[in-house]
Amino acid sequence: MPETIRPFHATDLPALYRICLLTGDAGADATGLYSNPDLLGHVYAGPYPVADPGLTFVAVDAQGVAGYVVATADTYRFQRWLESSWYPVLRAQHPLTQDPGDGTRDHMLLRTIHEPEVVDEPLYKRYPAHLHIDLLPRAQRRGLGRRLIEALSDALRERGVPGLHLGVDARNTGGVAFYDRIGFTDAGPDGGARVLTLDLA
Ligand SMILES: CC(C)(COP(=O)(O)OP(=O)(O)OC[C@H]1O[C@@H](n2cnc3c(N)ncnc32)[C@H](O)[C@@H]1OP(=O)(O)O)[C@@H](O)C(=O)NCCC(=O)NCCS
């Protein structure tokens, strides 16, 4: 079966959560870093297709969903939506915890859920959209990442969105090389991450 790119369907959600975890440590498997395997997906995958339908695409191969790109067209609006519609339920279900000192990182994601950093970054005016893209190792280096970004860029252009940005962990050298190859511009550091932008005009 040839690999295909198609719009997200609600039945893809479990695969998105799995893939998010399996690629969640600067591109490598993050399974050992979290006691609750769903927390990463709750922050970096699940909210996007709910908040911004039409901007999530999946890559499918013979074994099923092997990758995705999730996005929002408007980062400011998305932040407000998280606050009103996504985080309250998670906060009630998952109280803040202290670092148990065993190397797990649940407490860091819980901090994000309970006390999200409200970002008011001037760059978001020109590049209001942002994305997260992840492919399982079996699906990498086959052109699917490029095709996912193209599908998303077309959908954003149709909505008149002028640009998009993302943050990539500086340790993720493969990810940084990928974004460079497909035309992103390095807008500078943000802690341990690089901020990258893409003009859609
Ligand atoms: C990063 C990722 C999305 C790239 O997708 P991909 O399908 O593997 O990349 P593609 O095959 O579409 O490659 C597109 C271009 O980027 C280059 N590229 C992709 N991965 C690369 C790597 N690890 N090192 C160097 N170049 C790379 C390809 O050579 C290709 O260049 P070309 O068109 O000039 O030949 C994918 O590998 C992935 O999901 N990795 C794990 C999770 C991750 O790191 N996500 C990003 C977090 S910000």
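# Ligand shell, cores and loops

Me: Buried or exposed: which is Arg 141?
Reply: The relative accessibility of Arg 141 is 86% in this predicted model. A residue over 50% is placed in the exposed class. Arg 141 therefore counts as exposed.

Me: In which loop is Arg 141 found, and what is its phi?
Reply: Arg 141 belongs to the loop between S4 and H7. The residue is not a glycine, yet its phi is positive. The value is near 60°.

Me: What is the phi of Ala 26, and is the residue buried, partly exposed or exposed?
Reply: Ala 26 sits in the loop between helix H1 (13-22) and helix H2 (39-44). Although not a glycine, Ala 26 has a positive phi of about 50°. Its relative accessibility is 22%. Buried requires under 20% and exposed over 50%, so Ala 26 counts as partly exposed.

Me: Which residues come nearest to the ligand?
Reply: There are 19 residues around the ligand. By class, seven of the shell are nonpolar, seven polar and five charged. Those that come nearest are Leu 135, Gly 145, Arg 146, Asn 172 and Arg 181.

Me: How much of the ligand does the protein bury?
Reply: Backbone atoms approach the ligand at several points: a backbone N or O atom of Ile 133 is 2.9 Å from a ligand nitrogen, and a polar backbone atom of Gly 143 is 2.8 Å from a ligand oxygen. For Gly 145, a polar backbone atom is 2.7 Å from an oxygen atom of the ligand. Taken alone, the ligand exposes 910 Å², and the share of that area buried by the protein is 77%.

Me: Which element gives the largest share of the shell around the ligand?
Reply: Two or more residues of the shell come from each of strand S4 (129-135), helix H7 (144-158) and helix H8 (173-181). The largest share is five residues. The element that supplies them is H8.

Me: Which backbone nitrogen lies 2.9 Å from a polar atom of the side chain of Asp 61?
Reply: Asp 61 is part of strand S2, residues 57-61. Its relative accessible area is 11%, so Asp 61 is buried. Leaving aside neighbours within four places in sequence, Asp 61 has contacts with Met 1, Glu 3, Ala 66 and Arg 138. The backbone nitrogen at 2.9 Å from its side chain is that of Gln 63.

Me: Which element gives the most residues to the largest nonpolar core?
Reply: This core has 29 residues, and those with the most contacts inside it are Leu 131, Leu 152, Leu 156, Leu 164, Tyr 179 and Phe 184. Elements that each supply at least two residues include S2, strand S3 (64-72), strand S5 (163-169) and strand S7 (193-199). With seven residues, the element that gives the most is H7.

Me: How many residues are in the other core, which lies apart from the largest one?
Reply: In the largest core, Leu 131 is one of the residues with the most contacts. Beyond four places in sequence, the residues touched by Leu 131 include Val 69, Ile 149, Leu 152, Leu 164, Tyr 179 and Phe 184. The other core contains Ala 30, Leu 39, Val 43 and Ala 45, among others, and its size is 28 residues.

Me: How far apart in space are Ala 30 and Leu 152?
Reply: Ala 30 is in the loop between H1 and H2 and counts as buried because its relative accessibility is 0%. Not counting neighbours within four places in sequence, Ala 30 is in contact with Leu 21, Leu 22, Gly 24, Asp 25 and Leu 40. Ala 30 and Leu 152 are 122 residues apart in sequence, and their C-alpha to C-alpha separation is 26 Å.

Me: Which residues of H1 are buried?
Reply: Cover for the buried residues of H1 comes from elements including H2, helix H3 (47-51), S2, S3, helix H4 (75-93) and S4. The residues concerned are Ala 15, Leu 16, Tyr 17, Ile 19, Cys 20 and Leu 21.

How values were computed. Residues are numbered from 1 along each chain as its sequence is written. This is a predicted model: local features need pLDDT of at least 70, side-chain atom pairs count only at pLDDT 80 or more; totals for chains, interfaces and linings use all residues. Side-chain values use heavy atoms; hydrogens and water are left out. A residue is near a molecule or strand if one of its heavy atoms lies within 4 Å of it. A polar contact is a pair of N or O atoms within 3.5 Å; within protein, one must be able to donate a hydrogen and the other to accept it, and residues adjacent in sequence count only if both atoms are side-chain atoms. Accessible areas come from the Shrake-Rupley method with a 1.4 Å probe; for residues, only the protein chains shown count as cover. Helices (H or I, at least four residues) and strands (E, at least two) are DSSP runs, numbered from the N terminus. Ala, Val, Leu, Ile, Met, Phe, Trp, Tyr, Cys and Pro count as nonpolar, Asp, Glu, Lys and Arg as charged, and the others, Gly among them, as polar. Buried means under 20% relative accessible area, exposed over 50%, partly exposed in between (1.4 Å probe, protein chains only). Contact means heavy atoms within 4.5 Å. A nonpolar core is a set of buried Ala, Val, Leu, Ile, Met, Phe, Trp, Tyr and Cys residues joined through side-chain atoms within 4.5 Å.
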